[in-house]
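Let's take a friendly walk through this complex, from its DNA surface to a sheet and the contact between two chains. Have the sequence and the 3D view at hand as you read.

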Protein chains: 2
Amino acid sequence: MKKVKRTTIYDIAAKLGITASSVSRALNNSSQVNEKTKELIIKTADELNYKRNILASNLRKGQSKTIGVVVPRINQNFFSNVIAGIEEITYQKGYNLIICQSGEQHEKEIQCINTLINQHVDCIVISVSVDNGDYQHLQNVLDHGIQLIQFDRVAEELETLKVINDNVQASFEAVSHLIEGGYKRIALLEGPQNLSIFKQRKEGYLKAFKMYNVPVIEELIVENAWTKELGAEGTRKLLSLPHPPDAIFASTSDFSALGVLDVANAMGIKVPSELGICGYANESFSEITSPSITTIDQFSVYMGNTVANLFFQEIGNTDTTAKPKTISIKPELIIRGSTLRNR
Amino acid sequence: MKKVKRTTIYDIAAKLGITASSVSRALNNSSQVNEKTKELIIKTADELNYKRNILASNLRKGQSKTIGVVVPRINQNFFSNVIAGIEEITYQKGYNLIICQSGEQHEKEIQCINTLINQHVDCIVISVSVDNGDYQHLQNVLDHGIQLIQFDRVAEELETLKVINDNVQASFEAVSHLIEGGYKRIALLEGPQNLSIFKQRKEGYLKAFKMYNVPVIEELIVENAWTKELGAEGTRKLLSLPHPPDAIFASTSDFSALGVLDVANAMGIKVPSELGICGYANESFSEITSPSITTIDQFSVYMGNTVANLFFQEIGNTDTTAKPKTISIKPELIIRGSTLRNR
DNA sequence: TTTAAAATTACAATCGATTGCGTAAAATAT
DNA sequence: ATATTTTACGCAATCGATTGTAATTTTAAA
């Protein structure tokens, strides 16, 4: 790869016998430059195959027109959808996205954040990893005057912009659906309670019980069952209880629900007649299993759009007294075969 | 969001009564600066919460330490995996990734490329969109002296670095597997032939027939069946033929294979006994369907790693006479229920 | 003690684009 | 025709870090 001297505004200026400032103004469509020279400059720029050096431009302007995104994993449906949603909007606005993966590790997350601060990004969008200690690194982002937007998995105590799902409500609806379907002993596979999303989902679960005046059975609540394997493991325990559940709400994910389904199939337990299953996140596969899995759609792409729009809305906002917004998106219960008994 | 004056090397220099150049050198761990002052500088930098301004640094150094990635869709399993794989490597090396989606549209792809050239990225990694006209925009990348790496869906005529799958071989193995399984009338759902990957998969299909001395039946080859819907449509046509196929190789994707499975189920045709199905790409759901779908794993994350490693290998390479490399990754046939008759 | 060599540090230009300010030229008003 | 306002462009500083070269200090050798 040979080095190529790229044309600059000085090259254009030299060729036309004018100054770089005029060239710059012309290319920025400033009214300070004559229409004819403007045209000429643009034409020449095109001829010389000129591309503005964003580095120089941004350095001068003190911005980067770049947004950093930190997610646990890029290749996880929910996150890749959110990212796709963010990109849709930011692309139009001429902003770029820098993507980092924390791999669910606190340390790596800190590193990612530091990298992004280093990059002088204009905004950092993050969904925190499970392995979360303090939030010093996020505070650090704010201290650097960088906009911070949290989505889905948020650190509630931090005063930042947030885009979340109404997990309580979604969870409540899911469990209500199970109760109304006649399921009596509804188990919960819960996720790490240090993440608010999982706490909220549990809250919704409990709320439904209260609403329907059904007593909560503690032994049917399984901690830390947030992967397919852990979901399967929890299910095995649950189903070997003296009084096993007749429904399982895998509040952590569809992966977990899939683990439930696998175990049920392996044990010859019929779904949904003997066991109802409800997942979370509407992963693409949840529609394909047999029976298909009832789940909750989080509108992930839309969530990404919302995050991006929120950012652009806020950069225009000079009111420093305004409190950081939290936008809550109402998820939707998708009822499928795994909870429909009368079929 | 209030503006925050960020500390620069000049602030550090002023505080210590030295010059910025020494600060810069110290922070770059140059041997030109005394160990004691170096320590002092680093300590002070830390105290003042200094973060290097990458824009300025890169402007000066004439590089951006940034790699641009253009894919049809971020939220498509294969691509998000490749991106994750690229990120794993580039992150360690201190490079950033800018992600763009072409949305399978030629026009948007051109825009993406221009954006990335504007950004002065050091390398552009691309998997071209289906809607591909000429490759002028890619030539333009090369003309700007930017490294170009194509992966998976490549424009063969362009002399660039390439990382591809051995589609012919994979396809050949898949069809061989079907033939050896006793399937006699094996249909092919093929993708748009302007993409070399689909051409190669067809080639592998034909090669297997030749090898086993089986005549090719033209009416069993269905053009342009590369989505779930198109796959289903093609399957309906195939299965209503006077002599329907007893196996279908959905060479385009597992989505297409899923369409096949749906139609077979709807028509009450038993898989794999009456109809064998083989997909492509080992999407996560292919394991979950019943029966599970035989498919081809492309080692997508590894492919991403390979792309990134190739880049770092090439930047060290000053030999301009060297021909652009093509790295071919051998995919693996994953045999599952949908093609296993004797069970 | 003097001098040459080596190690540090300072100075200043540079990367490319932007922008406040000043001025000459053109357009308008008096 | 002269005064005044606009318009268009040039000048030069600036963003923050890097780096070649010059200057100074330190160390080692004579």
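Ala, Val, Leu, Ile, Met, Phe, Trp, Tyr, Cys and Pro count here as nonpolar, Asp, Glu, Lys and Arg as charged, and the others, Gly among them, as polar. The model is predicted: local features need pLDDT of at least 70 and side-chain atom pairs count only at pLDDT 80 or more, while totals for chains, interfaces and linings use all residues. Residues are numbered from 1 along each chain as its sequence is written, with chains lettered from A and ligands numbered from 1 in the order in which they are written.

Two surfaces can be set out by class:

| Surface | Nonpolar | Polar | Charged |
|---|---|---|---|
| Near DNA strand D | 8 residues | 13 residues | 6 residues |
| Side of chain A that touches chain B | 18 residues | 18 residues | 7 residues |

DNA strand D is surrounded by 27 residues, and the closest include S21(A) and S21(B); a residue is near a strand if its C-beta atom, placed from the backbone, lies within 6 Å of it.

Between the chains, 43 residues of chain A are in contact with 43 residues of chain B, where contact puts the C-beta atoms, placed from the backbone, within 7 Å.

Chain A also holds an open sheet of 4 strands, ordered β7-β6-β8-β9 with parallel pairing. Strands are DSSP runs (E, at least two residues), numbered from the N terminus, and two of them pair if DSSP finds at least two bridges between them. β7 (221-222) and β9 (276-278) of chain A are at the edges with a single partner strand each, so one side of each has no neighbour in the sheet.

Technical notes. Two residues are in contact if their C-beta atoms, placed from the backbone, lie within 7 Å.
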